[in-house]
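Please look over the chain shown below before reading on. The report that follows takes up one annotated region, two sheets, a helix and a single residue.

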Amino acid sequence: FVTCGTDRRGSFQLSAMASAGGNPLVLPAVLHLRRSDADFTAALSERFRVLDFFSSGEPLPAFLAAAAAAPEPPRAAVVVGGGSVRVDASFLDAVPSLRCVLTTGAGIDHIDLAECARRGVAVANSGEVFSTDVADYAVGLLLDVLRRVSAAERYVRRGSWPVQGDYPLGSKLGGKRVGIIGLGNIGSRIARRLEAFGCIIHYNSRKPKDSISYKYFGNVHDLAAESDVLIVACALNKATRHIVDKDVLEALGKGGVVINIGRGANIDEAELVVALREGKIAGAGLDVFEHEPKVPAELFSMENVVLSRHVAVFTEESRSDLRAHTVGNLEAFFSGQPLLTPVDADSLVQ
């Protein structure tokens with residue numbers, strides 16, 4: 001048997017061919033711990049020996065034990081955020097051969113980065129693959145909430161227009177003071193888009209950004225107090241869990257709107273429901289939730305709330321880009337080259 005060596009191009013050319021003796025070569029084993037479409041799975045299977053958890057039908061402990069006991073155990077794993085699989089000490093104990101974990105999203109709250117670093121396990125994420133699409137989606141949610149697009153569409157479909165007359169007016173986007181929590185790849189793109197609408201941009205992050213003219217706020221409460229719109233675009237970690245809490249929502253005020261395309265737990269969801277129900281804020285656009293796929297039932301009847309199912313990242317183009325990016329990261333790892341989008345404990349703090 002021949003396995004991939006250190007020459008990236010040569011090793012992966014060899015992996016697609018039979019050996020001189022006619023025996024197939026052993027492809028590098030990869031744990032696949034996410035539900036994927038056929039094209040994604042096929043792209044991996046062309047280059048790697050894919051050990052697919054969801055098609056195995058096994059409980060996770062049994063699946064990992066079998067993978068670890070294989071003659072050529074996996075050295076890399078592909079995982080997804082927001083699922084049932086957490087890459088922590090117990091996971092790494094179960095498959096001690098792992099030296100690389102790739103997550104197919106930007107967030108890494110499901111990965112214990114410190115434990116990975118301690119064990120010498122490299123971690124990579126999706127980088128900027130989804131950044132443009134998420135930024136577009138955030139602006140779309142905001143326009144929908146302010147102009148009441150979805151609510152007015154439902155009004156028309158119900159046949160209410162001829163009976164009850166015009167639907168109540170919404171609010172314009174231009175001139176709004178928009179506070180962005182997390183001015184990273186996605187937050188920066190959101191800011192540029194909203195500048196084109198004539199919005200005034202403020203932001204909060206761990207520290208001020210060099211060469212950024214937007215006004216910086218050292219804490220989210222003060223940011224909210226000076227904003228008409230609060231957009232959550234930060235990673236989820238200990239410092240940002242419930243970063244939007246009761247006090248922040250009250251500081252945002254009755255005319256304020258919250259948009260969340262980060263992680264559900266960035267917002268204290270129970271307090272958000274209370275603020276919306278009691279009219280303490282004007283509306284919300286939510287693509288993520290604290291206990292997905294569970295969504296607070298009270299939100300369903302609120303016409304000033306726009307809901308979607310954690311889909312801001314997904315377009316036909318981004319799916320294709322993700323396939324290429326994931327394969328590229330895996331090929332880099334198995335070839336001994338630097339990962340395309342490595343992450344560590346500090347790299348996603350914005």
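## The annotated region

In this predicted model, residues 76–343 are 36% helix and 14% strand. The C-alpha atoms at the two ends of that stretch lie 15 Å apart. UniProt, in an unreviewed entry, lists residues 76–343 as "domain: D-isomer specific 2-hydroxyacid dehydrogenase catalytic".

## The five-stranded sheet

One open sheet has five strands in the order 2-1-3-4-5, and their pairing is parallel. Strand 2 (49–52) and strand 5 (122–124) form the edges; each has a single partner strand, so one side of each has no neighbour in the sheet. On average, neighbouring strands of this sheet are turned by 20° against each other, direction ignored.

Strand 1 runs parallel to strand 2 and is joined to it by four bridges; within this pair, His 32 has Asp 52 of strand 2 as its bridge partner. Four bridges also join strand 1 to strand 3, again in parallel, and here Leu 33 stands opposite Val 79. Strand 3 (residues 76–79) in turn pairs with strand 4 (residues 100–103) in the parallel sense, over four bridges. In that pair, Val 78 has Leu 102 as its bridge partner.

## What covers the sheet

Helix 4 (residues 60–69) packs on the sheet, where it touches strand 1 (29–33) and strand 2. The direction of helix 4 makes about 175° with that of strand 1. Helix 14 (residues 316–334) also packs on the sheet, touching strand 1, strand 3, strand 4 and strand 5, and its direction makes about 165° with that of strand 3.

Is strand 1 mostly covered or mostly open? Strand 1 is mostly covered, as five of its five residues are buried. In a regular strand, side chains alternate between the two faces of the sheet. In strand 1 both faces are covered: Ala 29, Leu 31 and Leu 33 are buried on one side, and Val 30 and His 32 on the other. Strand 1 also belongs to a right-handed β-α-β unit, together with helix 2 (residues 38–45) and strand 2.

## The two sides of helix 4

Phe 63, Leu 64 and Ala 67 are buried in helix 4. Viewed down the helix axis, the buried residues of helix 4 fall within an arc of 95°, so they line one face of the helix. Pro 61 and Ala 69, on the other side of helix 4, are exposed.

Which elements do the buried residues of helix 4 pack against? They pack against strand 1, strand 2, helix 3 (53–56) and helix 5 (89–94).

## The seven-stranded sheet

A further open sheet has seven strands, ordered 8-7-6-9-10-11-12, with parallel pairing. Its edges are strand 8 (215–216) and strand 12 (305–307); each has a single partner strand, so one side of each is left without a neighbour in the sheet.

Strand 7 (residues 200–204) pairs with strand 8 in the parallel sense over two bridges. His 202 stands opposite Lys 215 in strand 8.

## Arg 189

Arg 189 lies in helix 10 (residues 185–196). Is Arg 189 buried or exposed? The relative accessibility of Arg 189 is 15%, and buried means under 20%, so Arg 189 counts as buried.

With neighbours within four places in sequence left aside, Arg 189 is in contact with Glu 128, Ser 131, Thr 132 and Ala 135.

Definitions and conventions. Residues numbered from 1 in each chain as written. Predicted model: local features only at pLDDT ≥ 70, side-chain atom pairs only at ≥ 80, totals over all residues. Heavy atoms only, no water. UniProt positions renumbered as here; feature names shortened; annotations may be inferred. Pairing = 2+ DSSP bridges. Axes fitted to C-alpha atoms, helices over the stretch in contact; angles between N-to-C directions. Contact = heavy atoms within 4.5 Å. Buried < 20%, exposed > 50% of the residue type's maximum accessible area, 1.4 Å probe, protein only. Right-handed = clockwise from strand over helix to strand, strands pointing away. Arc of directions from axis to C-beta.
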